[in-house]
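Reader: I'd like a close look at one part of this model, the strands and the cysteines around them. Could you walk me through it in one go, and then show me whatever helix packing you can describe?

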Amino acid sequence: MLQIKHTYIVVIIMLMLACSSYAQDDAAKVRETCNTFIRARKALKQGDSLLIKSVTEDSLYKLIMLHHKYAKMLKTRIIEADLNIWATSVEVNDSCGNCQMSGYEYYKIKVCKYDGQWKVMGENDSYATTERIQRAQQKIVNYKQEVKTRPAVDSILRVVNHFFKDAHNYFETETLEPLSTTCNAETIRFIQKLYCYAKERTGLDLLHKEMNAPSFLVGDVIFEADRTLFKFSREDIYIVLRKPKDTYMIHGFNKMNSEVIDDDMMAKEYLDLLRSMKLIRQPRYRDKALH
């Protein structure tokens, strides 16, 4: 009986030692995986993605490569994380573990075992979800579109800003010629018609006072199939532009071509049309005598 009890105790001790050995072995492998991941991130900065592919779960690898691609596209320098760090403590729980990394900032790496191999699956409790991958992909698409359209946007903004000055000048001096550099013939004729209507409806004294009040404007460029719109931010006010030849020209206002704005429409949309030429301020700031 004593012999059996002794054998049982020995078996228990051997099992405990084996479990302890396995735990220590897993902890060492988790630590090495985390440190390899940091080396892999350094290698990726030099253009080598093989190591990081070998040590990360597939979805995380895809997300990391998308972020890497986006960073390379940017012309401005990105402040990068300090990668001169290493695992300072390790926790293992069954088939997953965590590494607390050195450094001034909190940084923890999540590791799990896949088919017998430990791989990184997340950082700081953040994981490569489908939504995060889609956002990263869309970010690249948006940036490519921005780069593609940036020259056109710059050109449009120059035309619009030039137009605002010329329209302001025309309503003060009736000097028409400068408008020909930014507007088509139909738009110039419409501006003349609106000017005559404004003299009767508002009077030049009140209008000039409003025109010369401080005014700040921000806008967005919207590309459509057959035209481009300059939209006043947070306002339903638009300038219509087209590019018949080499340069953009103004063809209308508030989504309407100048030639279709008849007298009734001009009277109905009067204040918005003045606003689209930046001749008056937003409703909450403009002179209440304007109507």
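Author: Start at the hairpin of strand 2 and strand 3, where six residues sit between the strands and G103 takes a positive phi near 115 degrees. Keep in mind that this is a predicted model. Strand 3 covers residues 108-114, and its pairing with strand 2 is antiparallel, over five bridges. To get your bearings on that pairing, look at Q100, whose bridge partner in strand 3 is K108.

Strand 2 has a partner on the other side of the sequence too. Strand 1, residues 87-93, pairs with strand 2, residues 96-101, again in the antiparallel sense and over six bridges. Here a handy pair to click on is E91 with its bridge partner N98 in strand 2. The hairpin of strand 1 and strand 2 has two residues between the strands, and D94 takes a positive phi near 60 degrees there.

Now for the cysteines. What holds the sulfurs together is plain chemistry: a disulfide is a covalent bond between the sulfur atoms of two cysteines. The structure holds two disulfides. Let's take the one within the strands to begin with: C96 is joined to C112, with 2.0 Å from S to S. C96 belongs to strand 2 and C112 to strand 3, so this link ties together parts that are 16 residues apart in sequence. The torsion about its S-S bond is about 100 degrees, so the disulfide of C96 and C112 is right-handed. As for the surroundings, C112 is buried, at a relative accessible area of 5%.

The other disulfide leaves the strands behind and reaches a helix. It joins C34 to C99, S to S 2.1 Å. Since C34 lies in helix 1 (residues 2-45) and C99 in strand 2, the pair ties together parts that are 65 residues apart in sequence. This link is right-handed, with 85 degrees about the S-S bond. Check both ends for burial: C34 has a relative accessible area of 0% and is buried, and C99 is buried with a relative accessible area of 0% as well. Counting bonded cysteines along the chain, the disulfides follow the pattern 1-3, 2-4.

What about cysteines outside that pattern? C183 is in no disulfide, and the nearest cysteine sulfur, that of C196, is 16 Å away. Going by the sulfur of C196, the closest cysteine sulfur is the one in C183, at 16 Å, which is too far for a bond. Are these two residues buried or partly exposed? C183 counts as buried, at 3% relative accessibility, whereas C196 counts as partly exposed, at 41%.

Finally, the helix packing you asked for. Two packed helices are described by the angle between their axes and the distance between the axes. Helix 4 (residues 130-173) packs with helix 6 (residues 204-211) at an angle of about 150 degrees, and their axes are 10 Å apart. An angle over 145 degrees counts as roughly antiparallel, and helix 4 and helix 6 are therefore roughly antiparallel to each other. Their crossing is left-handed. On the helix 4 side, the contact is made by H168, F171 and E172, and on the helix 6 side by L204, L207, H208 and M211. Put those side chains on display and you have the helix 4 and helix 6 contact in view.

Methods:
Residues numbered from 1 in each chain as written. Predicted model: local features only at pLDDT ≥ 70, side-chain atom pairs only at ≥ 80, totals over all residues. Heavy atoms only, no water. Pairing = 2+ DSSP bridges. Helix = DSSP H or I, 4+ residues; strand = E, 2+ residues; numbered from the N terminus. Disulfide = S-S within 2.5 Å. Buried < 20%, exposed > 50% of the residue type's maximum accessible area, 1.4 Å probe, protein only. Axes fitted to C-alpha atoms, helices over the stretch in contact; angles between N-to-C directions. Parallel < 35°, antiparallel > 145°, perpendicular 65-115°, else oblique. Left-handed = near helix turned anticlockwise from the far one by under 90°. Contact = heavy atoms within 4.5 Å.
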